[in-house]
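Got the model open? Let's go through it in questions and answers.

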Amino acid sequence: RTRDGKIKIDIGRTFPEFLLDLSFLARFTVLFAFADTENGVNYAYYITFFCVVGMTALVYILGRRTVIVKLPTLWYGIFLLFSLLSVLWAQYSEDLTLRYISKMLQVLIICFCITLYIRRKKDLERFLSIFIAACAIIVVSVLVRVSPAEWFEGFLGRGVTGNNINVVAYTCVAGLCLAFYKAYYLKLRSYYLPAVLM
């Protein structure tokens, strides 16, 4: 809208909220398209993790007297506790048993951040759009990093993303379904483009 000769664009989001959106986009993109198999090597993985956590704290936690912990976070927290207690009766070494606990703790924290982020239906729709955008970035990054001669030889992108190719495929199928939902049911025709891409 215009006022006093100035154009003002109102996206309905504060700057920290917009940065949180970008943090989620970066997190999903790094998690699925630029993963590294060695712990401690992929700095982008940890940077995006702390960006999501930090921006969530800034937007939804700081300055509030109470923060509600919702059911998905509680459920996964109980599962994490049970997994941690399984060390008591595990037949294998504690190192092998505890190897995945740090990843599970990260999932718990990100799950908590997501439950704080999604408060209304429009927040869910925005979150789905962020996920669709990350899936589109995944597809483009794989197509760029794999030579066109290999596109139709099967196993497109094997070893390129750092993830199992089936994980990448399942992620893109989820993105395809969400993009089609937005395009067909919500009549947002622009989402046909990422749907076709995926």
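Buried here means under 20% relative accessible area, exposed means over 50%, and partly exposed is in between. Keep in mind that this is a predicted model.

Q: Are aspartate 21 and arginine 13, whose side chains meet in a salt bridge, buried or exposed?
A: The side chains of these two residues come together at 2.9 Å, N to O. The cut-off for burial is under 20% relative accessible area. Both aspartate 21 and arginine 13 turn out to be buried.

Q: Which residue meets arginine 120 in a salt bridge at 3.7 Å, N to O?
A: Arginine 120 is partly exposed, at 40% relative accessibility. Its partner has a relative accessible area of 0%, so it counts as buried. Arg119 and Arg126 belong to the salt-bridge network that also links Arg120 and this partner. The residue is aspartate 123.

Q: Where do lysine 121 and glutamate 125 both lie?
A: Their side chains form a salt bridge, 3.5 Å from N to O. Lysine 121 is exposed because its relative accessible area is 58%, while glutamate 125, with 12%, is buried. They sit 4 residues apart, about one turn of the helix, and that helix is H6.

Q: How many salt bridges does a search of the whole structure find?
A: The lysine 121 and glutamate 125 pair is one case, and aspartate 21 with arginine 13 is another. For the whole structure, the search gives 7.

Q: Which helix gives the most to the largest nonpolar core?
A: That core has 25 residues, and those with the most contacts inside it include Leu20, Tyr60 and Ile138. Helices H1, H2, H5, H6 and H7 each supply at least two of its residues. With 7 residues, the top contributor is H6.

Q: Which cysteine does phenylalanine 24 touch, not counting residues up to four places away in sequence?
A: Phenylalanine 24 is among the residues with the most contacts inside the largest core. It touches Val52, Ile114, Tyr117, Phe127 and Ile130, plus one cysteine. That cysteine has 3% relative accessibility, so it is buried. The name is Cys113.

Q: Why is there no bond from cysteine 113 to the closest cysteine sulfur?
A: A disulfide needs the two sulfur atoms within 2.5 Å. The closest cysteine sulfur belongs to cysteine 111, and it is too far for a bond because the distance is 9.2 Å.

Q: What area do Leu81, Phe82, Leu85, Leu88 and Trp89 have together as a surface patch?
A: Leucine 81 has its place in helix H3, residues 71-85. The five residues form a nonpolar patch on the surface, with a combined accessible area of about 600 Å².

Methods. Residues are numbered from 1 along each chain as its sequence is written. This is a predicted model: local features need pLDDT of at least 70, side-chain atom pairs count only at pLDDT 80 or more; totals for chains, interfaces and linings use all residues. Side-chain values use heavy atoms; hydrogens and water are left out. Patches are made of residues with over 30% relative accessible area and no salt bridge: like charges are joined within 9 Å, nonpolar side chains (Val, Leu, Ile, Met, Phe, Trp, Tyr) within 5 Å. Accessible areas come from the Shrake-Rupley method with a 1.4 Å probe; for residues, only the protein chains shown count as cover. A salt bridge is a side-chain nitrogen of Lys or Arg within 4 Å of a carboxyl oxygen of Asp or Glu. A nonpolar core is a set of buried Ala, Val, Leu, Ile, Met, Phe, Trp, Tyr and Cys residues joined through side-chain atoms within 4.5 Å. Buried means under 20% relative accessible area, exposed over 50%, partly exposed in between (1.4 Å probe, protein chains only). Contact means heavy atoms within 4.5 Å.
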